[in-house]
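The following exercises are meant to be worked with the sequence and the coordinates side by side. Try each task before reading its solution.

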Amino acid sequence: MDNQVKVRCQRIGCDAVFHEDDNPEGSCQYHDLGPLFHDGMKEWSCCKKRSHDFSLFLQIPGCKTGKHTTEKQVIAPVKKNPVPTPTAAPSTNASAKDSCSRCRQGFFCSDRGSQSKAVNIVGDKSVNRAGDAPAVNSSIVQAPKPPKKIVDINEPQTCKNKGCGQTFKEKDNHDTACSYHPGPAVFHDRMRGWKCCDVHVKEFDEFISIPPCTKGWHNADPDS
């Protein structure tokens, strides 16, 4: 029987458990620079990967590899870089685009569409005012949801609950197996924290070290 004690890696983005004598080079995948938060966007400054959703942001794989470590990773604060304003074609709503954060970042904005010509809706078809050919049918058909994946009770899965991330088997899952944050995560005035347990800190590495406050079932499919 294996009596070795497993310890948790302290690198940002890893959070794996390992044996001290089984820690080869390349077994750890982590982020070596801290995150940037701007206008609802979360971005890893080391690899520039980003997401609007915080839980998906934390699941972005690390861009560096090395050995696991129990030493707390120190990440240098990252200065915010101003987001350049994209060059827009001349239009009457240029000043409005300048004041819209989504337009400044180059994203599509429902308030100020990217069409150069206004569009009228006639029946179930859209026709522009310049008299061009009718556009595609405006009825949007949503694709059916894929069927739920059937998982073997012995298949290793990764829990997607916030603050957990452990590997588990469904046969070992129960109503107190998982320690997690039901959330949501809160970012305000340079403070980071969890609304569920009302704990807030200033540094990001302190934030991800906040102990989970809730027990429940492991969940590998948060959309189920």
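Two strands pair if DSSP finds at least two bridges between them, and helices (H or I, at least four residues) and strands (E, at least two) are DSSP runs, numbered from the N terminus. The model is a predicted one, in which local features need pLDDT of at least 70 and side-chain atom pairs count only at pLDDT 80 or more, while totals for chains, interfaces and linings use all residues. Residues are numbered from 1 along each chain as its sequence is written, and side-chain values use heavy atoms, with hydrogens and water left out.

**Exercise 1. Describe the sheet that contains E5, and find the bridge partner of glutamate 43 in E6.**

Solution. Begin with the order of the strands: the open sheet is formed by 3 strands, E4-E5-E6, with antiparallel pairing. Its edges are strand E4 (35-38) and strand E6 (50-51), each of which pairs on one side only. Next, take the pairing of strand E5 (residues 41-44) with E6, which is antiparallel and consists of 2 bridges. Finally, glutamate 43 has arginine 50 as its bridge partner in E6.

**Exercise 2. Characterise the hairpin of E13 and E14, and state which residue in it takes a positive phi.**

Solution. Strand E13 (residues 185-188) pairs with strand E14 (residues 191-194) in the antiparallel sense, over 4 bridges. One of the bridge pairs links histidine 188 to methionine 191 in E14. There are 2 residues between the strands, and aspartate 189 in this hairpin takes a positive phi near 50°.

**Exercise 3. List the residues of the largest nonpolar core, and trace which helices and domains supply them.**

Solution. A nonpolar core is a set of buried Ala, Val, Leu, Ile, Met, Phe, Trp, Tyr and Cys residues joined through side-chain atoms within 4.5 Å; buried means under 20% relative accessible area, exposed over 50%, and partly exposed in between (1.4 Å probe, protein chains only). The largest such core has 12 residues, namely Ile12, Phe37, Trp44, Phe54, Phe57, Ile60, Ile75, Trp194, Val201, Phe204, Phe207 and Ile210. At least two residues of this core come from each of helix H1 (54-58) and helix H4 (204-207). Domain 1 (6-66) and domain 2 (153-223), whose bounds come from an automatic or database domain assignment, each contribute at least three residues to the core. As a closer view of one member, valine 201 is in contact (heavy atoms within 4.5 Å) with Arg190, Met191, Arg192, Glu206, Phe207 and Ile210, leaving aside residues up to four places away in sequence.

**Exercise 4. Is phenylalanine 18 buried or exposed, and which residues does phenylalanine 18 touch?**

Solution. Phenylalanine 18 lies in strand E2 (residues 17-18), and its relative accessible area of 4% is why this residue counts as buried. Beyond residues up to four places away in sequence, phenylalanine 18 touches Val5, Lys6, Val7, Arg8, Cys9, Asn23, His68, Thr69 and Thr70. For threonine 69, which is 51 residues apart from phenylalanine 18 in sequence, the C-alpha to C-alpha separation is 9.1 Å.

**Exercise 5. How many disulfides does the structure hold, and why is cysteine 213 not bonded to cysteine 196?**

Solution. A disulfide is a pair of cysteine sulfur atoms within 2.5 Å, and the structure holds 0 of them. Cysteine 28 is in no disulfide, the nearest cysteine sulfur being that of cysteine 14 at 3.7 Å; cysteine 28 is buried, at 0% relative accessibility. The closest cysteine sulfur to that of cysteine 213 belongs to cysteine 196 and is 3.5 Å away, which is too far for a bond. Cysteine 213 is partly exposed, with 36% relative accessibility.
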